[in-house]
Amino acid sequence: MPRLMLGSVCGLVYGTLSAASMIPLEFPDKRAALLGAFINRFSIGFVIGAVRLDWPSWSVGLVFCVLLSLADAIITKAYAPIIVLGAIGGTIIGLI
């Protein structure tokens, strides 16, 4: 499977799991929160699949995931869950 396709599939799965985990939580605009979480996590998979660096694959996933998760973490002030779960997911996608 081409890297971009694999990254997109990983992003779809990661985005779906991330949004699904937020369903029980309360938000002023729940639809926007779920959509934002999905798009952020999908983007992580897509970018990891698209980028070609001479780094170990796990480190590519980790670096790009942390970079792409920082904006959401800063906006929501929920640094630990967003960055830690993002780092784990990005590292896994990088390894895949």
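These exercises work through pockets, helices and single residues of a predicted model.

**Exercise 1. The largest pocket**

Task: Find the volume of the largest pocket, the residues closest to its centre, and the elements that line it.

Solution.
- Step 1. Start with the volume. The largest pocket has about 690 Å³.
- Step 2. Go to the centre. The lining holds 26 residues, and S18, M22, A37, R41 and I82 are the closest to the centre.
- Step 3. Assign elements. Two or more lining residues come from each of α1, α2, α3 (57-76) and α4 (79-95).
- Step 4. Pick the main contributor. α4 gives the most, with 7 residues.
- Step 5. Sort by class. The lining has 18 nonpolar, 6 polar and 2 charged residues.

**Exercise 2. Two residues at the centre of that pocket**

Task: Place S18 and M22 in their elements, decide whether each is buried or exposed, and list their contacts beyond four places in sequence.

Solution.
- Step 1. Locate S18. S18 belongs to helix α1, which covers residues 3-21.
- Step 2. Judge its exposure. The relative accessible area of S18 is 14%, so S18 is buried, since the cut-off is under 20%.
- Step 3. List its partners. Beyond four places in sequence, S18 contacts A37 and R41. Both of these partners are also among the residues closest to the centre of the largest pocket.
- Step 4. Locate M22. M22 sits in the loop between α1 and α2.
- Step 5. Apply the cut-off again. M22 has 16% relative accessibility and therefore counts as buried.
- Step 6. List its partners. With residues up to four places away set aside, M22 touches F27, K30, A33, L34 and A37. A37 is thus a partner of S18 and of M22.
- Step 7. Add a distance. From M22 to V47 there are 25 residues in sequence and 23 Å in space, C-alpha to C-alpha.

**Exercise 3. The second largest pocket and R3**

Task: Describe the second largest pocket, then examine R3, one of the residues nearest its centre.

Solution.
- Step 1. Give the volume. The second largest pocket has about 240 Å³.
- Step 2. Give the lining. It consists of 16 residues, and R3, I48, S57, I93 and G94 lie nearest the centre.
- Step 3. Assign elements. At least two lining residues come from each of α1, α2, α3 and α4. The largest share is that of α1, with 4 residues.
- Step 4. Sort by class. The lining has 9 nonpolar, 5 polar and 2 charged residues.
- Step 5. Turn to R3. R3 is part of helix α1. Its relative accessibility is 37%, so R3 counts as partly exposed.
- Step 6. List its partners. Apart from neighbours within four places, R3 contacts I48, G49, V51 and R52. I48 also lies nearest the pocket centre, along with R3 itself.
- Step 7. Add a distance. R3 and L34 are 31 residues apart in sequence, and their C-alpha atoms are 26 Å apart.

**Exercise 4. Helices α3 and α4**

Task: Compare the span of α3 and of α4 with the expected value, then find what their buried residues meet.

Solution.
- Step 1. Check α3. Its 20 residues should span 28 Å at 1.5 Å a residue, and the end C-alpha atoms are 29 Å apart, so the two values agree.
- Step 2. Look for a bend. α3 bends by about 35 degrees at S69.
- Step 3. List the buried residues of α3. They are S59, V60, G61, C65, S69 and A73. The bend residue S69 is therefore one of the buried set, under 20% relative accessible area.
- Step 4. Find the cover. It includes α1, α2 and α4.
- Step 5. Look past the end. K77, just after α3, has a positive phi of about 60 degrees.
- Step 6. Check α4. It has 17 residues and reaches 24 Å from first to last C-alpha, close to the expected 24 Å.
- Step 7. List the buried residues of α4. They are I82, G86, A87, G89, G90, I93 and G94. These pack against α1, α2 and α3.

**Exercise 5. F38**

Task: Is F38 buried, partly exposed or exposed, and which residues does F38 touch?

Solution.
- Step 1. Place F38. F38 lies in helix α2, residues 30-50.
- Step 2. Read its exposure. At 24% relative accessible area, F38 is partly exposed.
- Step 3. List its contacts. Outside four places in sequence, F38 touches L12, G15, T16 and A19.
- Step 4. Add a distance. F38 and V66 are 28 residues apart along the chain, with 16 Å between their C-alpha atoms.

Key. Residues numbered from 1 in each chain as written. Predicted model: local features only at pLDDT ≥ 70, side-chain atom pairs only at ≥ 80, totals over all residues. Heavy atoms only, no water. Buried < 20%, exposed > 50% of the residue type's maximum accessible area, 1.4 Å probe, protein only. Contact = heavy atoms within 4.5 Å. 1 Å grid on protein atoms, 1.4 Å probe; cavity = no way out; pocket = protein on both sides within 12 Å on 5 of 7 lines; lining within 4 Å. Points joined across faces, edges and corners; volume = space filled by probe spheres on them. Nonpolar A, V, L, I, M, F, W, Y, C, P; charged D, E, K, R; others polar. Expected span 1.5 Å × (residues − 1). Bend = angle between axes of the 7 residues up to and from the residue.
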